[in-house]
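Thank you all for making time this morning. I would like to walk you through one structure, slowly, for those who have not seen it before.

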Amino acid sequence: MIKFHPSEQQLVEYVAGDLSAAMLITVGTHIDMCPHCQGHVQDIEEQLSQRLFGDPMAAPASWSANLDMMVDAIIKSPAPAHRSLDDSDNYLFLEGKRFELPATLARNYHRIGSWHKMLGKMWRAPVNLGSDEVLNFIYMGSGAQVPEHTHKGHEATLVINGVFVDETDEYRDGDFVLLDGSHKHTPQTQQEDCLTLATLDAPLHFTSGLSRLLNPFSSLFFK
Ligand SMILES: [Zn+2]
């Protein structure tokens with residue numbers, strides 16, 4: 001059961017194509033995983049088309065089906081023409097495990113870079129958006145911890161598979177967490193591992209005052 005969803009405003013911006021490419025993919029992937037938000041997006045599409053066309057049937061079959069076009073338009077590096085998905089695009093392989101990718105990520109498989117091992121039991125693979133935007137897969141093995149930090153901008157994290165905890169709560173498959181400067185937290189895994197998709201719009205600030213020692217972590221999130 002998914003506990004954390006994008007805001008109403010983010011869903012409206014998703015439908016309208018007003019999100020950044022990184023957020024479009026992150027929110028779109030959540031919607032793939034969340035029947036509740038799928039219903040909500042459908043309502044928003046109907047309201048929007050009613051307002052624009054006065055007739056809900058006049059709208060394109062699904063606005064969000066245009067996601068690929070929106071992402072390509074934003075990042076100006078179109079997917080290879082006439083490219084079709086093959087089965088391997090549906091999975092990520094790491095540490096002997098196989099993770100099934102939701103449809104939005106499978107369609108963007110060609111943007112996923114290679115895995116790099118970070119400190120401890122953490123791995124990172126960038127999603128190349130051809131811009132300054134930062135979107136990464138972060139994999140935490142069991143018993144891994146990111147040092148406590150706050151956020152200067154926003155950090156959106158979507159759990160693809162597994163579970164992580166912080167001081168506030170527990171986050172599982174499909175949970176979408178948006179944090180800003182008012183939050184301070186120490187994400188960690190316990191018995192289970194966790195694969196997440198994370199986007200940041202400003203650097204992390206490590207509250208321990210050990211920024212220099214923790215520098216390797218900044219490359220967790222920045223290219
Ligand atoms: Zn949802």
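Before anything else, please keep in mind that this is a predicted model. I will start with the charged side chains, where E170 and R172 come together in a salt bridge, with 3.1 Å from N to O. Both of these residues are partly exposed, E170 with a relative accessible area of 33% and R172 with one of 38%.

R172 also takes part in a salt bridge with E192, and there the closest N and O atoms are 3.9 Å apart. That contact joins distant parts of the chain, since R172 belongs to strand β8, residues 170–172, while E192 sits in the loop between β10 and β11, and the two are 20 residues apart. E192, for its part, is partly exposed as well, at a relative accessible area of 40%. Taken together, E170, R172 and E192 form one network, held by salt bridges that share partners.

How many salt bridges does a search of the whole structure find? The search finds four, and one of them is between the side chains of K97 and D193, at 2.9 Å from N to O. Here again distant parts of the chain are linked, with K97 in strand β2, residues 97–100, and D193 in the loop between β10 (184–185) and β11 (194–200), 96 residues apart. The two partners sit in unlike surroundings, and I would ask you to look at them in turn: K97 counts as partly exposed, at 33% relative accessibility, whereas D193 is buried, with a relative accessible area of 11%.

From that loop we can move on to strand β11 itself. Is this strand enclosed or open? Seven of its seven residues are buried, and so β11 is largely enclosed by the rest of the structure. If you follow the side chains along the strand, C194, T196, A198 and L200 point one way, and L195, L197 and T199 point the other way, with all of them buried.

Which strands pair with β11? One is β5, residues 134–140, which runs antiparallel to β11 and pairs with it over seven bridges; in that pairing, L135 stands opposite T199 of β11. Another is β7, residues 155–165, also antiparallel to β11 and also joined to it over seven bridges, and there you can find N161 with L195 of β11 as its bridge partner.

Let me finish with the metal site. The zinc ion has as its protein donors H5 through ND1, H30 through NE2, and C34 and C37 through their SG atoms, at 2.0 to 2.3 Å from the ion. The angles among the four donor atoms run from 100 to 117 degrees, and the site is tetrahedral. Read along the sequence, the donor residues follow the spacing H-x24-H-x3-C-x2-C. H5 lies in the segment before α1 (8–16), and H30 lies in helix α2, residues 21–33, so this pair ties together parts that are 25 residues apart in sequence.

The two histidines also differ in how they are covered, for H5 counts as partly exposed at 30% relative accessibility, while H30 is buried, with a relative accessible area of 0%. I will stop there and leave the view open for discussion.

Conventions:
Residues are numbered from 1 along each chain as its sequence is written. This is a predicted model: local features need pLDDT of at least 70, side-chain atom pairs count only at pLDDT 80 or more; totals for chains, interfaces and linings use all residues. Side-chain values use heavy atoms; hydrogens and water are left out. Helices (H or I, at least four residues) and strands (E, at least two) are DSSP runs, numbered from the N terminus. Buried means under 20% relative accessible area, exposed over 50%, partly exposed in between (1.4 Å probe, protein chains only). Donors are N, O and S atoms within 2.8 Å of the metal (3.2 Å for Na, K and Ca); water is not among the atoms, so sites may look incomplete. Four donors count as tetrahedral if all angles lie between 85 and 135 degrees; four count as square planar and six as octahedral if opposite donors are over 155 degrees apart and all others between 65 and 115; anything else is irregular. Two strands pair if DSSP finds at least two bridges between them.
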